[in-house]
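Biologist: Could you walk me through this one, and tell me how you back up each word you use?

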Amino acid sequence: AEVPTLFTPFKLRDLTLQNRFVVSPMCTYSADDGHLTDWHLVHLGAFALRGAALIIVEATAVTPNGRISPEDSGLWQDSQIAPLRRIVDYVHSQGQKIGIQLAHAGRKASTLAPWHAKPTQHEVATAEVGGWPDNLWAPSAIPWDEGYPVPKKMTVAQIEGLVQSFVDAAKRAVQAGVDTIEIHGAHGYLISEFLSPITNQRTDAYGGSFANRTRLLLDIARAVRGAIPAGMPLLVRISATEWMEWTGQPSWDLAQSKQLAALLADAGVDLLDVSSGGNNPRQQVRLHPYYQADMAGEIRAELARRPPGAKPLAIGAVGMVTTAEMARDIVQADGTGEGNDAEHGTRTRADLVLVARQFLREPEFVLRVAHELGVQVKGPSQYHRAPYKAPKL
Ligand code: FNR
């Protein structure tokens, strides 16, 4: 039988992935003053042993006040390069690829790791526990919610400095040997706060019109593109919608994401990683297994309508991928995945599948999917005595 697209290689610039599985970036609140630790080596290394073609290191702050928690990863100083390089070298030793997500948490910075917090989510990390609630950055001085610290409206000089911080962090990542960089423009962190007319109420060149709200992301994308090797792909994650359509007020939505996708392609971005939400406590998410993959597919279809010769933009889908069928169908090149049905349509939605929680539950998820789809995936030689057998679930 023909190998499903899911297990065929994928090339972006000079980077070739052996299959379409990507470990989605996941904060693990285990860094030491921004330096990755043994935790990250073992946690991420485990995926490299088990078939994931690309591992994206968790949201990594480009300035200290851009960390979500005091224990977040960072690349704002040179001492943070070596601990990253150690992990990069290990992943490479296993024949797999590794990228890193660069981020600034904006008004959602300075929170406690979830297991230290009440179930309310992002509980503020006070100065006593290493937080910086008095030094949050945002496009406008609007807090996340009632009772949360009021962020500082960034000055133009700070915005320009932030672009340079993304460039400097990207250069450090390149020095550490990463294969790709992802800019975090999703989930209500700083860049996505700029995209949304709800959180961005500026009246200068960075707020108001669509062109102004997208300026920061496009400036960062162009600047990072110019600072990394020509052969290295650049990824951007966005929230395709902030799920605030129900309010009837202007908000960030899928139509604007489609428009932005074309501009990102022109800015030299190679893949758009399509997530959603996270910018507003009152968001109303319409959840179903394909809730985000379908938006990825819609953006992909829109890009296909660009004139011949337009710069291509690959698409990544993420969210609720837990089965072999769904992973296969999202990327199946001819859109004829066997599980595709009338409800979800038959089109190809994406080029890569990013998976987060299922990899935490089941680090050998790729191996199980391969097993179920009848594909051979090579594991580490050290494990040759015990070829993969699917557990009874
Ligand atoms: C995440 N997610 C996330 N997203 C991101 O862009 N940067 C990050 O650092 C994190 N951190 C993070 C930590 C943990 C523990 C989880 C569970 C999730 C979101 C994640 O990458 C993914 O988009 C969502 O979890 C949806 O995919 P799954 O989990 O349904 O496969």
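**Size and packing**

Modeller: Sure, let's begin with overall size. The protein has 393 residues, and a compact globule of that length would have a radius of gyration near 21 Å; the protein has 20 Å, which agrees. That radius is taken over C-alpha atoms, and the globule rule is 2.2 Å times the number of residues to the power 0.38.

Biologist: What kind of model is this, and how are the residues numbered?

Modeller: It's a predicted model, where local features need pLDDT of at least 70, side-chain atom pairs count only at pLDDT 80 or more, and totals for chains, interfaces and linings use all residues. Residues are numbered from 1 along each chain as its sequence is written, and side-chain values use heavy atoms, leaving out hydrogens and water.

Biologist: What percentage of the residues count as buried?

Modeller: Of the 393 residues, 58% do; buried means under 20% relative accessible area, with a 1.4 Å probe and protein chains only.

Biologist: How do you describe the packing of H3 and H6?

Modeller: Helix H3 (residues 156-176) and helix H6 (residues 215-227) pack at about 35 degrees, with axes 9 Å apart. Axes are lines fitted to C-alpha atoms over the stretch in contact, and angles run from 0 to 180 degrees between N-to-C directions. Helices are DSSP runs (H or I, at least four residues), numbered from the N terminus.

Biologist: Which residues of H3 and H6 meet?

Modeller: Among them are Phe166 and Lys171 in H3, and Asp219 and Ile220 in H6; contact means heavy atoms within 4.5 Å.

Key
Helix = DSSP H or I, 4+ residues; strand = E, 2+ residues; numbered from the N terminus. Buried < 20%, exposed > 50% of the residue type's maximum accessible area, 1.4 Å probe, protein only.
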